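Open the structure in your viewer and keep the selection panel at hand, since this tour moves from one selection to the next.

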Amino acid sequence: MKMKKTAYPYVLWLGIFIVIPLLLILYFAFTRGDSQNFSTFTFSLDNFKRFFTPIYLKVLGRSVNLAFISTILCLIIGYPAAYIISKEKVSKRNIMILMFVIPMWMNFLLRTYAWLTLLGRNGLINSIITKIGLQPLDLIYNDKAVLLGMVYNFLPFMVLPIYSVLVKIDKSLIEAAEDLGANRITVFSKVIFPLSIPGIMTGITMVFIPAVSTFIISSLLGGNKYNLIGNLIEQQFRWTGDWHFGSSMSIILMIFILITMAFTSKFDKDKEGGGGGLW
Amino acid sequence: MVNKGIKRLYTFLIFLFLYAPIIVLIVFSFNNSKSRGVWAGFTLKWYIELFQDANILKALYYTILIAVLSAIISTIIGTFAAIGISNMPGISKKIVLNLNYLPVLNPDIVTAVSLMVLFRFLRLDFGFTTMLLSHITFCIPYVILSVLPKLKQMNKHLAEAAMDLGATPFYALRKVVIPEIMPGIITGALIAFTLSVDDFVISFFNTGKGVSNLSIEIFSMTRRGINPVINALSTLMFVGLMIMLLIINKRTEKNELEKGEIR
């Protein structure tokens with residue numbers, strides 16, 4: 001069938017709106033000059049030199065650290081959930097999985113903001129605590145609140161791919177292991193868990209990437225004192241206007257993501273199904 | 001028995017965690033006070049005010065207009081692209097598919113700023129056009145990813161048979177290929193629509209001159225205090241989406257039944 005021509009408009013689109021913009025970011029990252037006037041650009045490594053100073057490295061460290069912890073938390077909380085759901089009857093598990101998707105349909109800024117109502121100084125949780133007679137807690141504008149926001153927003157991204165791998169596991173493999181005398185723990189650790197690793201890896205990628213690059217969760221729940229690398233990039237492009245420095249940070253962020261993907265794709269043999277598994 | 005109880009409790013706690021903020025939002029859309037956290041009685045006034053708030057209605061208008069346009073355009077480009085890609089030879093197929101994954105896997109913020117730089121480079125005025133172009137750009141890959149599996153499942157010889165029987169390639173595409181991959185196209189269009197409605201990051205960087213969508217409006221409100229009107233609006237949208245979901249669910253159930261009968 002000679003129908004490959006139908007892809008040409010999109011190939012053109014890919015070139016203009018995906019490849020060229022990334023090349024422009026790369027170009028900006030390695031030049032200095034007046035951001036609004038392309039003729040003033042000269043090659044320079046200053047953007048990267050500036051980034052590799054303690055202030056900015058600390059921000060990068062905190063972003064990676066928070067994203068890492070929230071990914072682990074999502075895995076610890078999400079795996080049992082995915083496992084429990086995958087054991088349910090077909091009709092019930094479809095509804096339960098749908099219940100993980102439905103919250104994503106409400107604007108995520110609003111959902112995150114609603115946590116302020118729950119966690120704030122006069123929020124619902126603190127009013128219960130003070131009713132019991134205890135001192136109110138500082139629940140927002142700290143690292144823990146940002147972590148909570150990340151886990152809250154990205155937990156479904158961990159549960160869905162793990163679930164979709166778990167339900168596809170051939171039941172006869174589990175029966176075979178049981179027939180051969182394996183107990184439930186051995187069946188899980190030797191059969192089910194190893195077979196679910198591709199799902200875990202997809203989940204890790206899908207949680208880590210948005211978590212490491214977010215700037216909204218940190219600015220809503222972290223107050224303004226807890227900057228992440230996403231906040232820095234946002235500031236450079238929206239307020240400070242130093243697009244060169246912003247671009248260099250975008251490149252660094254992309255490198256981090258490439259490293260994560262290289263790590264996770266090692267375990268993920270079924271690569272073409274990886275990203276599509278969620279849908 | 002105890003084991004089952006623990007499982008129940010665990011799933012209950014997770015769903016409580018996921019739904020607590022949503023319940024709070026919906027409850028406070030009926031609250032007779034502007035402040036968060038204080039319940040001052042039941043009211044419907046925010047729902048009435050919603051239909052008088054010009055800013056929010058304008059943002060809603062742009063959100064829906066951009067979502068509809070970008071869903072339609074990205075579905076058309078994406079469907080044809082998927083058909084083309086599935087007929088490409090090995091290497092170029094791999095290159096295009098990998099490039100297609102870039103906007104999916106890249107952080108939103110990187111896609112957003114790279115498009116922002118491009119639009120500045122092309123000297124486009126930031127506003128409706130730039131926002132629409134950027135939405136189409138991040139929607140197409142998802143359309144392709146939902147159409148491609150359907151093309152894989154399809155019998156390759158169907159279109160060839162149609163053309164052997166005298167159909168022009170375009171006629172074969174219209175009468176054979178497209179109906180066969182329709183479920184994938186519809187899924188792709190729905191994903192594109194919901195992604196566009198929900199997007200904040202990419203819109204935030206690529207809009208200008210009084211054009212804003214609901215997410216941007218909400219973000220600026222979080223700086224100066226949320227107007228409960230927005231709670232009312234999102235409650236309505238949430239209910240609307242739930243109804244849409246029920247309809248889609250009914251449809252797929254019916255489809256599956258019909259498929260079962262054919263078998």
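Keep in mind throughout that this is a predicted model. Begin with the largest nonpolar core, which holds 139 residues, and select the members that touch the most other members: Phe154, Val159, Ile162 and Val207 of chain A, together with Ala81, Val113 and Ile144 of chain B. Next, colour helix H7 of chain A, residues 143–166, which gives the most to this core, with 16 residues. In soluble globular proteins, nonpolar side chains tend to be buried together.

Now centre the view on Ile162(A). Which residues is Ile162(A) in contact with, once its neighbours within four places in sequence are left aside? Select Gly78(A), Tyr79(A) and Ala82(A), and then Ser196(A), Gly199(A), Ile200(A) and Gly203(A), and you will have the contacts of Ile162(A) on screen.

For the next stop, give the two domains of chain A separate colours, with domain 1 covering residues 1–44 and domain 2 covering residues 57–278. The C-alpha centres of these domains of chain A lie 31 Å apart, and where they touch, the contact takes seven residues from domain 1 and eight residues from domain 2. On the domain 1 side of that contact, the elements giving two or more residues are helix H1 (8–29) and strand S1 (31–32) of chain A, and H1(A) gives the most, with four residues. The residues on this side of domain 1 divide into four nonpolar, two polar and one charged.

Finally, return to the nonpolar core with both domain colours still showing, and look for the members that it draws from each domain of chain A, at least three residues in each case.

Terms used
Residues numbered from 1 in each chain as written. Chains lettered and ligands numbered in written order. Predicted model: local features only at pLDDT ≥ 70, side-chain atom pairs only at ≥ 80, totals over all residues. Domains from an automatic or database assignment. Contact = placed C-beta atoms within 7 Å. Nonpolar A, V, L, I, M, F, W, Y, C, P; charged D, E, K, R; others polar. Core = buried A, V, L, I, M, F, W, Y, C linked by C-beta atoms within 7 Å. Buried ≥ 20, exposed ≤ 12 C-beta atoms within 10 Å, placed from the backbone.
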